[in-house]
Amino acid sequence: MRLVPPWRINEVLKRAETGPICLERDFDLKVLYSKLQSVIKERDIKFDPEVIIPSDNSLADDVWKAALELYLEVGTLCLSTHRRILFDESEIKEAMSLSSREIVVGSGKDATRMCHREIEDSKRPFCLFSPDITCDEELFIPMSMAYLQEPLADGVCAPILDTIEGIRIKAGSPIEIKGSIAHAMMFREAARRVGRPGIFLQSVGTAETDAAQIAASNSTWGERLTDGRFVASIAELKVDYSLLNKMVHFHQYGCFVGALHGPMYGGYCGGAEGTAVVGTAYHIQALMVNQAYYSNYFPIHFKYSFNTSRELLWLISVTYQALARNTPFISLSNGFTAAGSFTPMVLYEAAAHGLVSTVSGANLWEIAVARNKYKNRATPMEARMACEIGHGIAKKGIKRSEANDIVKRILPKYENKLTEAPIGKTFSECYDIKTITPREDYVELYNKVKKELMDIGVPFL
Amino acid sequence: MLVLSEKVLIEKLRQSVIECDEEAAKKVAGEILKAGVDPVKAIKEGISSAAKIVGEKFETGEFFLPQLLLAGEAMESASNVLMSGISEKKREELESKRAGTVVLATVSGDIHDIGKNILALLLAVNGFKVYDLGRDVDSMKIVEKATEVKPDIIGLSALMTTTMPAQREVIDLLNAMGVRNEFIVMVGGGSTNREWAEEIEADGWAETAEEAVRLAQRLIEKKRRQ
């Protein structure tokens with residue numbers, strides 16, 4: 001039975017108006033960073049480059065305790081009111097004890113469960129396929145269909161439109177509203193065309209503002225109650241009225257609310273340890289402020305926008321282990337690769353991300369490629385690689401120590417090229433857009449890399 | 001009372017900035033003035049030298065954004081103290097020797113400003129004067145500030161694809177007002193790339209904040225040679 005969220009929405013909104021006043025600069029350095037340093041030091045949380053997937057449960061528990069202590073003291077800053085939204089421990093415990101460990105998303109024959117996962121869980125991960133990138137208007141339907149027809153996709157997020165009827169979409173303008181509605185309509189059409197009309201759709205990426213999100217809510221042609229919508233955060237641990245407007249609307253409309261958080265490695269969190277702790281704290285914020293049923297979690301390198309390096313994989317593993325052992329939260333781990341489609345490197349990176357995330361207790365959201373910078377550059381093949389491995393990890397009951405050995409065999413294949421990775425090819429160069437099938441040479445490359453990975457012990461579905 | 005030598009005091013100032021210790025930097029700046037050490041020399045050999053090291057540590061990954069911010073605060077506090085001991089004429093001379101002036105903003109509709117904040121700090125530690133207008137800044141407000149303070153560079157950051165058009169909007173406004181050639185316009189941010197910069201006829205694009213600083217230096221040098 002679905003219980004929480006929402007958790008006392010009015011109380012949260014009231015605290016955004018009445019909480020302690022705090023300037024943003026003070027929040028970043030004096031409140032967040034200084035407390036973060038102390039909780040890390042107190043528990044001696046340390047990144048070890050040789051152990052990417054730690055098997056030490058006490059480390060996971062320490063990260064959880066550090067995150068809870070951090071969040072209890074720091075809270076969330078509402079930038080619109082310059083006030084901190086704070087909670088006490090009993091409130092967080094109440095919300096956690098009542099919150100859902102699983103939700104049923106999508107509708108009809110396409111409905112499926114999205115669940116909390118444990119470390120080394122034999123339950124298969126929920127796999128959301130997403131290009132996470134803009135595309136040409138004319139490619140929107142073929143690209144969406146390519147992702148929607150993937151057998152392992154439990155849900156899909158569409159590419160983002162940057163023009164509609166040839167006009168560039170600008171956030172906050174009427175064109176954004178028009179583009180966001182078109183996005184919702186075309187995505188639903190694509191889902192029906194592949195024979196999955198009720199599949200869980202995560203939308204609307206084209207809508208940056210609250211107004212554009214609200215405009216796309218429509219059970220006939222747009223976002224349904226069985227779909228998912230995001231309330232993001234502002235780095236780090238901040239929100240504003242626009243985000244809270246979305247939260248209120250989504251709950252009152254009745255669709256699933258997800259939280260979107262990408263703590264920045266190298267930003268206000270500092271290094272791997274700080275990013276893991278803030279990333280874990282973000283999941284508490286997700287429940288208490290974003291009022292979300294699930295999270296999309298994408299810690300990211302502050303300079304190069306990837307999360308497949310050793311440090312980032314470690315902190316992904318540690319965050320998910322902390323959440324798996326100490327919370328009921330449902331969270332999807334979102335990969336960001338340095339290399340682009342149709343390169344061996346992107347497939348190695350996808351493999352590492354899928355493997356580390358799944359064994360540590362995550363569901364999967366795969367995968368932004370080519371540093372998430374280049375229009376039309378993503379295909380479902382990269383997501384397929386990560387998700388086939390995610391399924392393989394669960395099915396074969398791989399343990400953390402074994403997974404750690406395996407990922408250490410994958411990393412040398414790409415880690416020294418991360419800052420100068422090839423951007424690869426575009427969707428149209430990788431797929432026949434008439435038949436919506438991958439080109440033969442990409443399938444050959446995929447199978448070659450898959451065999452190479454199997455030979456070093458990577459489990460596949 | 002023990003009077004420390006000029007060399008020791010300047011080294012103490014340098015170290016306090018590198019150690020991101022604002023209070024210590026402020027205190028030693030006061031001691032420098034009391035000891036009669038030339039404040040201009042202290043700025044050059046203490047603060048500027050430390051800034052270079054802070055920048056290098058950030059580039060190599062030894063420092064992250066918080067250390068950069070804290071070192072920036074230490075530098076600012078110490079500079080304010082030292083500046084009070086410098087004559088008006090000398091101050092103007094120092095201002096004229098700046099690496100350049102930049103009006104910087106995250107464009108309209110975009111609330112993601114960490115990248116822009118990093119760039120603002122790196123520009124400052126490299127001797128630029130920075131007018132940081134913040135996040136989600138209206139395009140006309142950016143143009144107004146630029147026409148008011150006449151910077152060498154207007155820097156525009158956008159993380160989201162749907163906010164990139166605001167970078168073009170600023171350039172369009174500069175063109176429409178006939179002042180485009182007065183400024184170097186640089187763009188950057190997560191969703192941008194070189195092709196986009198060329199499409200909107202920006203003067204430069206950089207992927208990282210460090211590259212943006214080097215690019216700013218090159219573009220200003222080129223402009224000053226013209």
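This is a short talk on how the two chains of one predicted model are built and how they meet.

Hi everyone, and thanks for having me. Please keep in mind throughout that we are looking at a predicted model. I'll take chain A first, then chain B, and then the places where parts come together.

Let's start with chain A. How many helices and strands does chain A have? There are 15 helices and 21 strands. If you lay the C-alpha trace of chain A along its principal axes, it spans about 60 × 50 × 40 Å. Now, a compact globule of 461 residues would have a radius of gyration near 23 Å, and chain A has 21 Å, so the two agree. Buried residues account for 63% of the 461 residues in this chain. And here is a number about how the chain folds back on itself: take the contacts in chain A between residues at least 6 apart in sequence, and 80% of them join residues at least 24 apart.

Let's zoom in on one strand of chain A, strand 16, which covers residues 294-297. Before we look at it, a quick reminder. In a regular strand, side chains alternate between the two faces of the sheet. So what do we find on each side of strand 16 of chain A? Tyr294(A) and Asn296(A) are on one side, Ser295(A) and Tyr297(A) are on the other, and all of them are buried. In other words, both faces of this strand are covered.

Who are the neighbours of strand 16? Strand 14 of chain A, residues 256-261, runs parallel to strand 16 of chain A and is joined to it by 4 bridges. Strand 18 of chain A, residues 331-336, is also parallel to strand 16 of chain A, with 3 bridges between them. Asn296(A) is a handy residue to click on here. Opposite Asn296(A) you will find Leu260(A), and Asn296(A) also stands opposite Leu332(A) in strand 18 of chain A.

There is a smaller piece of sheet to look at as well. This one, in chain A, is an open sheet of 3 strands in the order 2-1-13, with mixed pairing. Which strands sit at the edges? They are strand 2 (83-85) and strand 13 (238-239) of chain A, each pairing on one side only. Strand 1 of chain A, residues 76-78, pairs with strand 13 of chain A in the parallel sense, over 2 bridges. If you want a residue pair to look for, Cys78(A) stands opposite Val239(A) in strand 13 of chain A.

On to chain B. This chain has 10 helices and 5 strands. Its radius of gyration is 19 Å, close to the 17 Å that the globule rule gives for 226 residues, so chain B is as compact as a globular protein of that length. The C-alpha atoms of chain B fill a box of roughly 65 × 35 × 30 Å along the principal axes. Buried residues make up 50% of its 226 residues. For contacts in chain B between residues at least 6 apart in sequence, 74% link residues at least 24 apart.

The domain assignment divides chain B into domain 1 (6-94) and domain 2 (99-225). Their C-alpha centres are 27 Å apart. Where they touch, 9 residues of domain 1 of chain B are in contact with 8 residues of domain 2 of chain B. On the domain 1 side, helix 3 (39-59) and helix 4 of chain B are the elements that give two or more residues. Helix 4 of chain B gives the most to that side, with 5 residues. By class, that side has 6 nonpolar, 2 polar and 1 charged residues.

Now for the meeting of the two chains. How many residues does each chain bring to the contact? Chain B brings 20 residues and chain A brings 29 residues. On the chain B side, the elements giving two or more residues are helix 4 (65-83) and helix 8 (165-176) of chain B. Helix 4 of chain B provides the largest share of that side, 4 residues. As for classes, the side of chain B that touches chain A has 10 nonpolar residues, 10 polar residues and no charged residues.

Last stop: the largest nonpolar core, with 241 residues. Which of its residues touch the most other members? They are Ala67(A), Val277(A), Ala351(A), Leu355(A) and Leu13(B). Domain 1 and domain 2 of chain B both give residues to this core, so the core lies between them. Try selecting Val277(A) on your screen: leaving out residues up to four places away in sequence, Val277(A) touches Leu36(A), Val39(A), Ile40(A), Val63(A), Ala66(A), Ala67(A) and Leu70(A).

That's my tour. Thanks for listening!

Technical notes:
Residues numbered from 1 in each chain as written. Chains lettered and ligands numbered in written order. Predicted model: local features only at pLDDT ≥ 70, side-chain atom pairs only at ≥ 80, totals over all residues. Core = buried A, V, L, I, M, F, W, Y, C linked by C-beta atoms within 7 Å. Buried ≥ 20, exposed ≤ 12 C-beta atoms within 10 Å, placed from the backbone. Domains from an automatic or database assignment. Contact = placed C-beta atoms within 7 Å. Pairing = 2+ DSSP bridges. Nonpolar A, V, L, I, M, F, W, Y, C, P; charged D, E, K, R; others polar. Rg over C-alpha atoms; globule rule 2.2 N^0.38 Å.
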